[in-house]
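Hi everyone, thanks for coming. I'd like to walk you through a structure that may be new to you, so let's put it on the screen.

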Amino acid sequence: MKIGVPKEIKNNENRVGLTPAGVFELVKNRHQVYIQATAGEGSGFFDADYIAAGAVILSSIEEVYAGSEMIVKVKEPIAQEYPLIREGQVVFTYFHFASSEDLTLAMLKSRAVCIAYETVEEADGSLPLLIPMSEVAGRMAIQQGAKYLEKPIKGRGVLLGGVPGVPPGKVLILGAGTVGIQAAKMAAGLGAHVTILDINMKRLRYVNDIMPSHVVTEFSGEYNIRKHIRTHDLIIGGVLIPGAKAPSLITRDMLGEMRPGTVLVDVAVDQGGCIETTRPTTHEDPTYIIDDVVHYCVANMPGAVPYTSTVALTNVTLPYVLQLAEKGWEKACAQRPALARGLNIVHGDLVYRGIAEAFGWNAIA
Ligand SMILES: NC(=O)c1ccc[n+]([C@@H]2O[C@H](COP(=O)([O-])OP(=O)(O)OC[C@H]3O[C@@H](n4cnc5c(N)ncnc54)[C@H](O)[C@@H]3O)[C@@H](O)[C@H]2O)c1
């Protein structure tokens, strides 16, 4: 199959759809891979690396789309790319259709086959192509939180690990899912005292089994949250209720109970945030302060570490890319139900119920 990787053109997106290692595997399996010139540079992969792995470099995005049966990307296509996508072409990327009616209509019109990373779903309900980004964001949350606790950026002036004779900082984590556990691991590694809350006892048992004793689990509820926000230096929001807005576990009035310079990192910002005062921020201007409490609410945290994020993402997408290339989308989806759940739009038909519901449309194919 002819597979194309365009350069991402969405603002500040430095990731790329395939690494040279992924190209190497595809070429080894007798596929042709076209990479747009400089597509990998933002992630630290250069044209020479791709050529050495067997790719052909094309100079323009038009050539990549025109010459490829399947496009492998990271972000949803933007308006400039809509006319380049054609009937029958497979596009495998994050789409997040429910958040853009324009994109949905454009892809319906294109009659392409749109397979969305975010809805590829295993039988146990896990979302294998979302997990790596939560892992990145969870680990980054502590790195960022530790930085914003420093006094020059209005934090409490606390070193998370403490030093001999000074107790470590305290980290409160809301949610013991992928984000929460990765954050707990990083915070514990720095020597911080960690409290992690969840409403799912299975998750709390798991955390309790695998984490060192300075990571303490508690059941999540307003009483415990109010108790801990008074004494914790860094608070991480990592809750998720699938398909719904995150619950506001920290309300505006609670900010007054925190000590000045407390840092909130609301990773759940992309689902509306689990802190009432959360509003999305960017890497250019990541924080704002309300009532002396520092808020960090960047909606695409993995974008700041494109090398790690690209490799983590392509580690999990490559097996699917290989299957799609080997078998074609119809056979690959028929044989792998997880991949079939990634089908969102096929030849002008909307085939994913959640998207129709998001727009109040009646029917799906
Ligand atoms: N900002 C970013 O760049 C970025 C990157 C990746 C993921 N995210 C977001 O981070 C959030 C968490 O993702 P995840 O992969 O860890 O989800 P997950 O499903 O693995 O974990 C969510 C956890 O929240 C728990 N939870 C639900 N209600 C709760 C409550 N009231 N109190 C405490 N815990 C509660 C669940 O039981 C679950 O264990 C999602 O909104 C995700 O979209 C953001």
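**A walk around the ligand and the sheet**

Let's begin with the ligand's surroundings: helix 5 (131–148), helix 6 (178–190) and strand 8 (193–198) each give at least two residues to the shell around the ligand. In total, 32 residues surround the ligand, and the closest are Ser134, Ala137, Gly175, Gly177 and Ser220. What is the shell made of: how many nonpolar, polar and charged residues? There are 19 nonpolar, 10 polar and 3 charged residues.

Please keep in mind that this is a predicted model.

Now let's step back to the whole protein. You can count 11 helices and 15 strands. The radius of gyration is 22 Å, close to the 21 Å that the globule rule gives for 365 residues, so the protein is as compact as a globular protein of that length. Along the principal axes, the C-alpha atoms fill a box of roughly 65 × 50 × 35 Å. Of the 365 residues, 45% are buried. And if you take the contacts between residues at least 6 apart in sequence, 64% of them join residues at least 24 apart.

Next, the sheet. Here 8 strands form an open sheet with mixed pairing, in the order 3-2-1-4-5-6-14-15. Which strands sit at the edges? They are strand 3 (56–58) and strand 15 (349–350), each of which pairs on one side only.

Let's zoom in on one pair. Strand 4 (residues 70–72) and strand 5 (residues 90–93) run parallel and are joined by 3 bridges. Within this pair, isoleucine 71 stands opposite valine 91 in strand 5.

Terms used: Residues are numbered from 1 along each chain as its sequence is written. This is a predicted model: local features need pLDDT of at least 70, side-chain atom pairs count only at pLDDT 80 or more; totals for chains, interfaces and linings use all residues. Helices (H or I, at least four residues) and strands (E, at least two) are DSSP runs, numbered from the N terminus. The radius of gyration is taken over C-alpha atoms; the globule rule is 2.2 Å times the number of residues to the power 0.38. A residue is buried if 20 or more other C-beta atoms lie within 10 Å of its own, exposed if 12 or fewer, and partly exposed in between; C-beta atoms are placed from the backbone. Two residues are in contact if their C-beta atoms, placed from the backbone, lie within 7 Å. A residue is near a molecule or strand if its C-beta atom, placed from the backbone, lies within 6 Å of it. Ala, Val, Leu, Ile, Met, Phe, Trp, Tyr, Cys and Pro count as nonpolar, Asp, Glu, Lys and Arg as charged, and the others, Gly among them, as polar. Two strands pair if DSSP finds at least two bridges between them.
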